[in-house]
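Thanks for making the time this morning. I would like to walk through one structure with you, a few local features at a time, and I will try to keep to what the coordinates can support.

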Amino acid sequence: MTRLADENFMAKALDLSHSHLGQTANNPSVGCIIVKDGEIVGRGVTAVGGRPHAETIALEEAGEAAHGATAYITLEPCSHHGKTPPCADALIEAGIARVVAAIEDPDKRVSGQGLQRLKQAGIAVDTGVLADKAERELAAYLTAKRKDRAHVTLKMAVSQDGMIGLPGEGQVFITGPESRDFVHQLRAESHAILVGLGTVRADDPELTCRLPGLFHRSPIRIVLDRALDISLDSKLVKSAHDVPLLVVAHSDADEDRAFALQDAGAEVLYAKNNEELLLALATRGIYSVLVEGGARVATALLEDQLVDRIYLLTGSKVVGEGGIAAPLTPEHMPAGFRLVREGDIGVDHLREFERED
């Protein structure tokens, strides 16, 4: 198989991987393509909830055709016994002749052992095909395993004059409908969405995914609220029984307020700072956090160097004097970020940045 063919099939596996982002609990959303004589005979993506794994699904579809075939997998097959048998063993038993894995799994229970098991069984193994793209698709899982914290994506809409809104005006639409659809797709692909209390007070948002047919993919809503001052009449609290709500407070917050929020269906989590919060989220299997909070939340996370990816949407609107200045603009980005993508979304312009380390 040529390198170009390998890349083409791996690209299809990565597309499968992307389709279940945010839906596979604490398991990575892995894509798997099985190819025999140049034809795809099996496809799989980690199921909603995390099981069965992509390899198991693809092998089941391939059946006997898996014998002597090549498996393209976006992440090294697991080699440990958990709630399901190791995927490496399933590939061996199916008679797969070659495995092409985009990247190794940093999970200490795997970390090269899955590939080694395949090699010991006489299977040809290649790695590194479209590795950069796999790193992007699996960024949340990789951050959780490498840094023991949730991966943070900051989304910010900025006006032509570098503003994010007007004080006391509530939600100001800076970008167009195409950009708003893009943001709702980001929500559907994330485990959680995070804002500060200031955003809740100003906008009274629901923070759900409102794309047709995707409400069920609305992420956990997280509000940073040191003193538990969020109104019980806010849309977030009123919908807590339908879509999970996590309110993050300081340890000295009023206990009666905590009980009232819990009675309303919300969960209260205590964390002394942002880093402690992200560590706690990762232990719960909440690996991807989309930040849509205001300037204060964004600035704090940037100063703590806890932001991994930035989506900066520049709209055509001019806010004018008295606007709330954006903590970052295309001309003034924090050190350590590189531009990885840019283009137009409707009348708006999108720039995507990634942390370099």
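Let me begin with a question: is Asp204 buried, partly exposed or exposed? Please keep in mind that what you see is a predicted model. With a relative accessible area of 27%, Asp204 counts as partly exposed, because that value falls between the 20% limit for buried and the 50% limit for exposed. Asp204 sits in the loop that runs between helix 8 (197–203) and strand 9 (220–224), and its phi is positive, about 45°, although the residue is not a glycine.

Asp148 can be described along similar lines. This residue, also not a glycine, has a positive phi of about 60°, and its place is the loop between helix 6 (139–147) and strand 6 (151–158).

Now to the backbone around helix 2. In the loop between strand 2 (39–45) and helix 2 (54–62) we find Pro52, and the peptide bond joining Arg51 to Pro52 is cis, with omega at about 0°. At the other end, just after helix 2, Gly63 takes a positive phi of about 60°.

As for the helix itself, the buried residues of helix 2 are Ala54, Glu55, Ala58, Leu59 and Ala62. Viewed down the axis of helix 2, these buried residues fall within an arc of 120°, so they line one face of the helix. What do they pack against? Their partners are strand 1 (31–36), strand 2, strand 3 (70–73) and helix 3 (87–93).

Finally, the cysteines, which some of you will want to look at in detail. How many disulfides does a search of the whole structure find? The search finds zero. Cys32, to take one case, is in no disulfide, and the nearest cysteine sulfur, that of Cys87, lies 8.6 Å away. Cys87 is in no disulfide either, and here the nearest cysteine sulfur belongs to Cys78, at 3.6 Å; a pair would have to be within 2.5 Å to be counted, so this one is not. In terms of accessibility, Cys32 counts as buried because its relative accessibility is 0%, and Cys87, with a relative accessible area of 2%, is buried as well.

That is where I will stop, and I am happy to go back to any of these residues on the screen.

Notes. Residues numbered from 1 in each chain as written. Predicted model: local features only at pLDDT ≥ 70, side-chain atom pairs only at ≥ 80, totals over all residues. Heavy atoms only, no water. Helix = DSSP H or I, 4+ residues; strand = E, 2+ residues; numbered from the N terminus. Buried < 20%, exposed > 50% of the residue type's maximum accessible area, 1.4 Å probe, protein only. Arc of directions from axis to C-beta. Contact = heavy atoms within 4.5 Å.
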